[in-house]
Amino acid sequence: LLDLERVAPCLPGAALTEQVGDEYKGTMTVKIGPVTAKYNGTVSYSEVDEGNHRAVIQANGKDARGQGTASAVITSKLEDLGG
């Protein structure tokens, strides 16, 4: 959960382009029916709890064509489901 370069491919359309300190830059492509939007933005951890295997990721982006913005808060937790 603490390696964004390995986590990003789990999100369809997400790609990291560079790391600047604790913040990553990247792109996110979203397709809803015939409409496709591409966002350029940043992602970083806003909360990390290694003991409970939990991480909160904050992402912010701007449409590549300047048509709007988007943001997301992603909470991830690793759990043992017995094999």
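## Asp63, a buried acidic residue

Asp63 is buried, with a relative accessible area of 7%, where buried means under 20%, exposed over 50% and partly exposed in between, as probed with a 1.4 Å sphere on protein chains only. The residue belongs to strand E4, which covers residues 54-63; strands (E, at least two residues), like helices (H or I, at least four), are DSSP runs numbered from the N terminus.

Leaving aside residues up to four places away in sequence, Asp63 touches Ala37, Lys38, Tyr39 and Gly68, a contact being heavy atoms within 4.5 Å.

## Basis of the model

This is a predicted model, in which local features need pLDDT of at least 70 and side-chain atom pairs count only at pLDDT 80 or more, while totals for chains, interfaces and linings use all residues. Residues are numbered from 1 along each chain as its sequence is written, and side-chain values use heavy atoms, with hydrogens and water left out.

## Asp63 and Arg65

The side chain of Asp63 forms a salt bridge with that of Arg65, at 3.7 Å from N to O; the term denotes a side-chain nitrogen of Lys or Arg within 4 Å of a carboxyl oxygen of Asp or Glu. Arg65 counts as exposed, at 59% relative accessibility, whereas Asp63 is buried. In addition, a polar atom of the Asp63 side chain lies 2.6 Å from the backbone nitrogen of Arg65.

## Arg54 and Glu47

A search of the whole structure finds two salt bridges, and one of them joins Arg54 to Glu47, with the closest N and O atoms 2.5 Å apart. Arg54 is partly exposed, with a relative accessible area of 28%, and Glu47 is likewise partly exposed, at 38%.

Definitions and conventions: Polar contact = N/O pair within 3.5 Å; in protein donor to acceptor, adjacent residues only side chain to side chain.
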